[in-house]
Amino acid sequence: MEVLRINKTIRPGEKLNCYFLGDIHEGNINHAEKELMEAIEIIRRDDTAIVVLMGDYIEAITPDDVKRWNPIAVAEKYGLRDLKDLPYRQIEEVYKKLGPISDKVVAVIVGNHEESYMKRHYSDIYKRFVEMFPSNPMRMGGAGLIDLSVGDGKRDRGFKSFNIAVMHGIGGGGYLPGYPINRVHQTFRWSDADVNIQGHLHSLVMDEVRKISSFNGKKRSRNVLYGCSGCFLHTYVEGNANYYEIKAGLRETDIGMLKIEITPAAKHTYNLVGTKIKLG
């Protein structure tokens, strides 16, 4: 786990928007390229945006992965010659797409697809990906904490600090509609962060909990946000197939991303709003 500390100054009346973008699965025939480009354009137009990348940027499934390799699930733009270094070709494609927002990326989580490939091939595809970004984002591994201080320059407000816990995440498809958000709460049972976001589940869900504590002998309460950051991989596409679709009970995926709006408020507090940006 890594801890990233960020200070951001915004203009009075502005808010800081933090986007969580992941589970892109470049290289899969069902990759939602059109929707990904829409998401990137939304972020590009946002002057106050920062971005946390949530893992599984590439499919990274090669012929030696006997369990999951399926040539008809590989995007048609990749040929036989690409098999020599298929994950790196996919990483190059992802970075080209993320190019317009590459300077806004502050942290990069590793996904299970990247990790699985690295364990089989002793090739740090994750490190190679992070080093492409000019913003020098933090390479957080599978989980990390972000201490974020936001201020608008007003003396009576100053900088307000809060923290974000991020993980690529764990869990399966689940059988019932409530599984994704319940899994998120289970994932972050160790966390006391103000915002808790995971990926991996290909669901776009958000929950807000009011938590009570004491400070200097007085009761205080705060909103705590929990969420799963969506994905850019379609399932059950007519005429296509991938290994996700043969898992019993797997629901259709949620194409999109999460956004957290942070606004400094009086008395060293802040306002948090979580937004699900559903695309497609």
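This report describes selected contacts, salt bridges, nonpolar cores and aromatic pairs in a predicted model.

## The N-terminal residue

M1 belongs to the segment that precedes strand β1 (2–9). With a relative accessibility of 58%, M1 lies over the 50% cut-off and therefore counts as exposed. Despite a separation of 143 residues in sequence, the C-alpha atoms of M1 and G144 are 4.9 Å apart. Beyond its neighbours within four places in sequence, M1 contacts M140, A143, G144, L145 and W190.

Two of these partners reappear in later sections. A143 is listed in the second nonpolar core, and W190 takes part in an aromatic pair with F188.

## Salt bridges

Side chains of opposite charge can pair when their charged atoms come close. Across the whole structure, 22 salt bridges are found. One of them joins E33 and K97, with an N to O distance of 3.5 Å. This pair connects distant parts of the chain, since E33 is in helix α1 (residues 33–44) and K97 in helix α2 (residues 86–98), 64 residues apart. E33 is partly exposed at 39% relative accessibility, whereas K97 has a relative accessible area of 5% and is therefore buried. Both residues belong to a network of salt bridges that links E26, E33, K77, D82, R89, E93, K96 and K97.

A further salt bridge is formed by E41 and R45, whose closest N and O atoms are 3.6 Å apart. E41 counts as partly exposed, at 27% relative accessibility, while R45 is exposed, at 54%. D192 and R222 also meet through their side chains, at 3.0 Å from N to O. Here again distant parts of the chain are linked: D192 lies in the loop between α5 (179–187) and β8 (195–198), R222 lies in strand β10 (residues 218–229), and 30 residues separate them. D192 is exposed, with a relative accessibility of 58%.

## A buried glutamine in helix α2

Q90 is located in helix α2. Its relative accessibility is 1%, under the 20% cut-off, so Q90 counts as buried. The side chain of Q90 reaches the backbone nitrogen of E59 at a distance of 3.5 Å. When residues up to four places away in sequence are set aside, Q90 touches E26, G27, I58, E59, A60 and Y78. Of these residues, E26 is also a member of the salt-bridge network.

## Nonpolar cores

The largest nonpolar core contains 67 residues, of which F20, L21, L53, F129 and L148 touch the most other members. Outside its neighbours within four places in sequence, F20 is in contact with V52, M54, I164, V166, I197, S229, M257, L258 and I260. A second core, separate from the largest, has 12 residues, among them A143, M167, V224 and Y226.

## Aromatic pairs

A pair of aromatic rings is described by the distance of the centres and the angle of the planes. The model holds four aromatic pairs. In one of them, Y57 and F129 are tilted, with 4.8 Å between the centres and 40° between the planes. The two residues come from distant parts of the chain: Y57 is in the loop between β3 (49–53) and α2, F129 is in helix α4 (residues 125–130), and they are 72 residues apart. Both Y57 and F129 are buried.

F188 and W190 form another pair, with centres 6.0 Å apart; their planes meet at 40°, so this pair is tilted as well. F188 is buried, with a relative accessible area of 1%, but W190 is partly exposed, at 42%. Y57 and F129 also belong to an aromatic cluster together with Y95 and F133.

Definitions and conventions
Residues numbered from 1 in each chain as written. Predicted model: local features only at pLDDT ≥ 70, side-chain atom pairs only at ≥ 80, totals over all residues. Heavy atoms only, no water. Helix = DSSP H or I, 4+ residues; strand = E, 2+ residues; numbered from the N terminus. Buried < 20%, exposed > 50% of the residue type's maximum accessible area, 1.4 Å probe, protein only. Contact = heavy atoms within 4.5 Å. Salt bridge = Lys/Arg side-chain N within 4 Å of Asp/Glu carboxyl O. Polar contact = N/O pair within 3.5 Å; in protein donor to acceptor, adjacent residues only side chain to side chain. Core = buried A, V, L, I, M, F, W, Y, C linked by side-chain atoms within 4.5 Å. Phe/Tyr/Trp six-rings, centres within 6.5 Å; stacked < 30°, edge-to-face > 60°.
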